[in-house]
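Visitor: I am new to this structure. Please take a close look at one part of it and tell me about the salt bridges there.

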Amino acid sequence: DFVSKPFELAEVLVRVHNMLEVRLLHEESKEYGKALEQKVMEVEASYELISRQSDENKRLYDEVVAELRIPMKSATYSDGSRPGIPMKSATP
């Protein structure tokens, strides 16, 4: 910035103040940008973790559902009957 001669003290002080304020605001803006970038990285990492956990939960859910759909031919209940096969009564 240029100041014409003869210098007027009030004008010089105002210009110096304005230049210092612009510099301070610029530094604050850079720091805010860095903090914002860090926060974005944290959010992206959280999203990736949640996505992986969701995929794992879906895979486990699908496994459980698939196991429930498989007929359990060798399984027996405590009364000796088998799933889907009625127990024969001892009396004719």
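Guide: A salt bridge here is a side-chain nitrogen of Lys or Arg within 4 Å of a carboxyl oxygen of Asp or Glu. Asp-62 and Lys-58 form such a pair, with their closest N and O atoms 3.1 Å apart. Bear in mind that the model is predicted. The two residues are four apart in helix α1, so about one helical turn separates Asp-62 from Lys-58. Asp-62 is partly exposed, at a relative accessible area of 36%, whereas Lys-58 counts as exposed at 53%. The cut-off for exposed is over 50% relative accessible area.

After this pair comes a network: Glu-56, Arg-59 and Glu-63 are joined by salt bridges that share partners. Within the network, the side chains of Glu-56 and Arg-59 meet at 2.6 Å, N to O. These two residues are three apart in helix α1, which puts about one helical turn between them. Glu-56 is partly exposed, with a relative accessible area of 35%, and Arg-59 is also partly exposed, at 38%.

Elsewhere in helix α1, Lys-30 and Glu-27 are three residues apart, again about one helical turn. Their side chains form a salt bridge with an N to O distance of 3.7 Å. Lys-30 is partly exposed at 39% relative accessible area, and Glu-27 is partly exposed at 32%.

As for the setting, the structure holds seven salt bridges. Helix α1 covers residues 9-69, and the protein has one helix and zero strands. Buried residues make up 2% of its 92 residues.

How values were computed. Residues numbered from 1 in each chain as written. Predicted model: local features only at pLDDT ≥ 70, side-chain atom pairs only at ≥ 80, totals over all residues. Heavy atoms only, no water. Buried < 20%, exposed > 50% of the residue type's maximum accessible area, 1.4 Å probe, protein only.
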